[in-house]
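Subject: Structure for you to look at

Dear colleague,

I am handing over the structure we spoke about, with the sequence alongside. Please open it first, and then read the notes below with the model in view.

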Amino acid sequence: MKNYFIVHGSFGSSKEHYIPWLKSKLEGADHEVFALDFPIGEEKQNYDAWCRVLDKYKSEINNDSIFIGRSIAPIFIIKYLLQNKINIKALFSISGFNGFINIPDYDKVNKTFFLKDLNGFEVLCEHRVCFLSDNDPYVPYCLLDEFSKNINAKVCLVKNAGHFNDESGYSTFEELLSEILKI
């Protein structure tokens, strides 16, 4: 059965930005949508803590699952899938990256999520789409671009989209919904 998992970024929640809107658009009788909340904050946010949350839904993840993640979430999803050898239908990365962004508070909580080697992910995930902005104020474009290349993803470059958050006007995200519905 097709289902969707929406994962927020660092210091985030499932109640912000376009997530509530997207969840409402994807909900349907023939599938489930999980907009999950993960531990956030300096002492709480790390890879192991996030794994404990997703582990509760592991039995729901299957070959038809579609993951949508923003900021640190895509690399978390990839690391989790690689370590658990789980196949999925698609990953939609929004401002996804895999490396330090030179913002101390974020680098401190994000460091446990990073991977040295992304090899093998393409085998686990049939469709990979990365949304990148040309003016992301948090993640340097070179990291966004490198991440999309490392997972061999289709790139959707959106001009002036910032970090695809409320501050950038992303309480809805029609381009993302359109790409998801193509799968």
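Before going further, one cut-off is needed: a residue is called buried when its relative accessible area is under 20%, exposed when that area is over 50%, and partly exposed in between. Lys108, with a relative accessible area of 42%, is therefore partly exposed. Please keep in mind that this is a predicted model. The mean pLDDT of the chain is 95, and 99% of its residues reach 70 or more. Confidence is lowest in α4, where the mean is 93, and highest in β4, where it is 98.

**Salt bridges**

Lys108 is a convenient place to begin, since it forms a salt bridge with Glu42, in which the closest N and O atoms are 2.7 Å apart. This pair links distant parts of the chain, for Glu42 lies in the loop between β2 and α2 while Lys108 lies in helix α4 (residues 104-110), 66 residues apart. Glu42 is also partly exposed, because its relative accessibility is 45%.

The count of salt bridges comes to eight, and two others among them also join distant parts of the chain. In one, the side chains of Glu126 and Lys89 meet at 3.3 Å, N to O, and this pair connects strand β5, which holds Glu126, to strand β4, which holds Lys89, across 37 residues. In another, Glu179 pairs with Lys154, the closest N and O atoms being 2.9 Å apart; here Glu179 belongs to helix α7 (residues 174-181) and Lys154 to strand β6 (residues 154-158), 25 residues apart.

Is Glu179 buried or exposed? At 11% relative accessibility it counts as buried, whereas its partner Lys154, at 40%, counts as partly exposed. Lys154 and Glu179 are also linked with Lys182 in a network of salt bridges.

**Nonpolar cores**

The largest nonpolar core has 41 residues, and the members that touch the most others are Leu54, Phe67, Phe76, Ile78, Leu91 and Ile151. Several elements each supply at least two residues of this core, including β1 (3-7), β2 (32-36), α2 (47-55), β4 (88-94) and β5 (125-133). The element that gives the most is α3, with eight residues. If you would like one residue to centre your view on, Phe76 touches Val7, Phe38, Tyr47, Trp50, Cys51, Leu54 and Phe113, leaving aside residues up to four places away in sequence. There is also a second, separate core of 25 residues, which includes Leu26, Ile66, Val129 and Phe164. As a general background to both, nonpolar side chains tend to be buried together in soluble globular proteins.

**Helix α1**

Leu26, one of the residues of that second core, is also among the buried residues of α1, which are Ile19, Trp21, Leu22 and Leu26. Seen down the axis of α1, these buried residues fall within an arc of 160°, so they line one face of the helix. They pack against β1, β2, β3 and α7.

**Cysteines**

How many disulfides are there? The count comes to zero. The sulfur of Cys51 is 17 Å from the closest cysteine sulfur, which is in Cys125, and this is too far for a bond. Cys51 is buried, with a relative accessible area of 11%. Cys142 is in no disulfide either, the nearest cysteine sulfur, that of Cys130, being 15 Å away. In contrast to Cys51, Cys142 counts as exposed, because its relative accessibility is 56%.

**Two backbone angles to look at**

Most residues other than glycine have a negative phi, and against that background two residues may deserve your attention. His17, in the loop between β1 and α1 (19-26), has a positive phi near 55°. Ser71, which is found in the loop between β3 (65-70) and α3, likewise has a positive phi, of about 65°, although it is not a glycine. Both residues are buried, His17 at 11% relative accessibility and Ser71 with a relative accessible area of 8%.

With best wishes

Note on methods:
Residues are numbered from 1 along each chain as its sequence is written. This is a predicted model: local features need pLDDT of at least 70, side-chain atom pairs count only at pLDDT 80 or more; totals for chains, interfaces and linings use all residues. Side-chain values use heavy atoms; hydrogens and water are left out. A nonpolar core is a set of buried Ala, Val, Leu, Ile, Met, Phe, Trp, Tyr and Cys residues joined through side-chain atoms within 4.5 Å. Buried means under 20% relative accessible area, exposed over 50%, partly exposed in between (1.4 Å probe, protein chains only). Helices (H or I, at least four residues) and strands (E, at least two) are DSSP runs, numbered from the N terminus. Contact means heavy atoms within 4.5 Å. A disulfide is a pair of cysteine sulfur atoms within 2.5 Å. A salt bridge is a side-chain nitrogen of Lys or Arg within 4 Å of a carboxyl oxygen of Asp or Glu. The arc is that of the directions from the helix axis to the C-beta atoms. pLDDT is the predictor's confidence in each residue, from 0 to 100.
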